[in-house]
Amino acid sequence: MKNIAVIGAGTMGNGIAHTFAQENYQVNLIDISSESLEKALKTIAKNLDRLVQKERITEEDKQKTLANITTYTNLEDGVKKAELVVEAATENIDLKLRIFKDMDRFAPANAILATNTSSISITKIAAVTDRPDKVIGMHFMNPVPIMKLVEIIRGYSTTNAVTEKIMEISRTLKKVPVEVNDYPGFVANRILMPMINEAIITLNEGVAGVEEIDTVMKLGMAHPMGPLQLADFIGLDVCLAIMEVLYEGLGNSKYAPCPLLVNMVAAGKKGVKSGEGFYSWGHGTKELIVSDNFKK
């Protein structure tokens, strides 16, 4: 299997495309926006430049990786020869179902259809296709080129052969695949997102400030970054969407999203992607600056 299509040129999509291309897969990167595709290629090139500077790859490796990526704004053209299609669109169930219907129509009959969803039921996504046995979850972690874990989630109808194939492919990417069952949030986000949500509740109730909460978790729990900073990196809209999936799917009030999170997303404060969340990200420095909304 060498022909891969990736749908979505955002943070996760360009990272997935980068990772496959660097291991010499032929990658078709698909997005409806040509501007998003141009931005994705620039991001991939910039990330490869860092690897060159650190002497982890050569300039020749960088050029070969970029040459392995072809961009498309038309989904049909991008998937018609793919052996594996990985959907990495926004965490929105209606959007994903529409994309999977199109993937199913246009991809070869033997192609495996994977989704990078971080919380949505694989079984539900597979049900809109005529090949539910070939639909699987392939949840990469961000940043994709660096993080080793891939959650492999099989739906109700996913076959053993498809699961084993995706596990094998993940290993060729120098990743560590872990098979988990199809429940809301899977493992990673069922544990991570309630922690982030609890950190937001702790802030909202005035127990401590942004920096204090993050410092406690970094120094006390050996987390590489605090939960509020991590939420900004993930995207507060994504955090909210996942909490809503957990709340709806598990029916337990402990998964109810914090009202502060809901209000911040409604106000357009989505973290790094919008320039402001719990921290301000438009200041042109690596120093963490707490957003004005949370300064004492």
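**View 1. E179 and its partner R154 in the predicted model.** In this predicted model, E179 is partly exposed, since its relative accessible area comes out at 39%. Its side chain pairs with R154 in a salt bridge, and the closest N and O atoms sit 3.6 Å apart. R154 belongs to strand 7 (residues 149-154) and E179 to strand 8, so this contact ties together parts 25 residues apart in sequence. If you want to find strand 8 on screen, it covers residues 176-180.

**View 2. A nonpolar patch with L149, V176 and V178.** These three residues form a nonpolar patch on the surface, and together they offer about 210 Å² of accessible area. V176 is a handy one to pick out here, as it is found in strand 8. With a relative accessible area of 47%, V176 is partly exposed, because exposed is kept for values over 50%.

**View 3. K273 reaching D237.** Here the side chains of K273 and D237 meet in a salt bridge, with 3.0 Å from N to O. K273 lies in the loop between helix 12 and strand 9, while D237 is in helix 11 (residues 236-250), so the pair ties together parts that are 36 residues apart in sequence. Helix 12 itself runs over 259-266, and strand 9 over 279-280.

**View 4. A salt bridge within helix 5.** Now for a pair inside one helix: D102 and R105 both lie in helix 5 (residues 93-106). They are 3 residues apart, about one turn of the helix, and their side chains meet in a salt bridge of 3.4 Å, N to O. How exposed are the two partners, D102 and R105? D102 counts as partly exposed because its relative accessibility is 28%, whereas R105 is exposed, with a relative accessible area of 58%.

**View 5. A salt-bridge network of E87, E91 and K96.** These three side chains are linked in a network of salt bridges. Side chains of opposite charge can pair when their charged atoms come close. For the wider picture, a search of the whole structure turns up 13 salt bridges.

**View 6. A positive patch around K46.** K46, R50, K54 and R56 form a positive patch on the surface. Look for K46 in helix 2, which spans residues 34-53. K46 counts as exposed because its relative accessibility is 52%, and the cut-off is over 50%.

**View 7. F20 against Y25.** There are 5 aromatic pairs in the structure. One of them is F20 with Y25, an edge-to-face pair with 5.1 Å centre to centre and 85 degrees between the planes. Are these rings buried or exposed? F20 is buried, with a relative accessible area of 0%, and Y25 is buried too, at 4%. Zoom out a little to include F140, and you have one aromatic cluster made of F20, Y25 and F140.

**View 8. F278 tilted against F294.** F20 and Y25 pair edge-to-face. F278 and F294, on the other hand, form a tilted aromatic pair, at 5.4 Å centre to centre and 40 degrees between the planes. F278 sits in the loop between helix 12 and strand 9, and F294 in the segment after strand 10 (289-290), so the pair ties together parts 16 residues apart in sequence. Both F278 and F294 are buried.

How values were computed:
Residues numbered from 1 in each chain as written. Predicted model: local features only at pLDDT ≥ 70, side-chain atom pairs only at ≥ 80, totals over all residues. Heavy atoms only, no water. Patch = residues over 30% accessible without salt bridge, like charges linked within 9 Å, V, L, I, M, F, W, Y side chains within 5 Å. Areas by Shrake-Rupley, 256 points an atom, 1.4 Å probe, with all protein chains shown as cover. Salt bridge = Lys/Arg side-chain N within 4 Å of Asp/Glu carboxyl O. Lys, Arg positive; Asp, Glu negative; His and termini not counted. Charge placed at Lys NZ, Arg CZ, Asp CG, Glu CD. Helix = DSSP H or I, 4+ residues; strand = E, 2+ residues; numbered from the N terminus. Buried < 20%, exposed > 50% of the residue type's maximum accessible area, 1.4 Å probe, protein only. Phe/Tyr/Trp six-rings, centres within 6.5 Å; stacked < 30°, edge-to-face > 60°.
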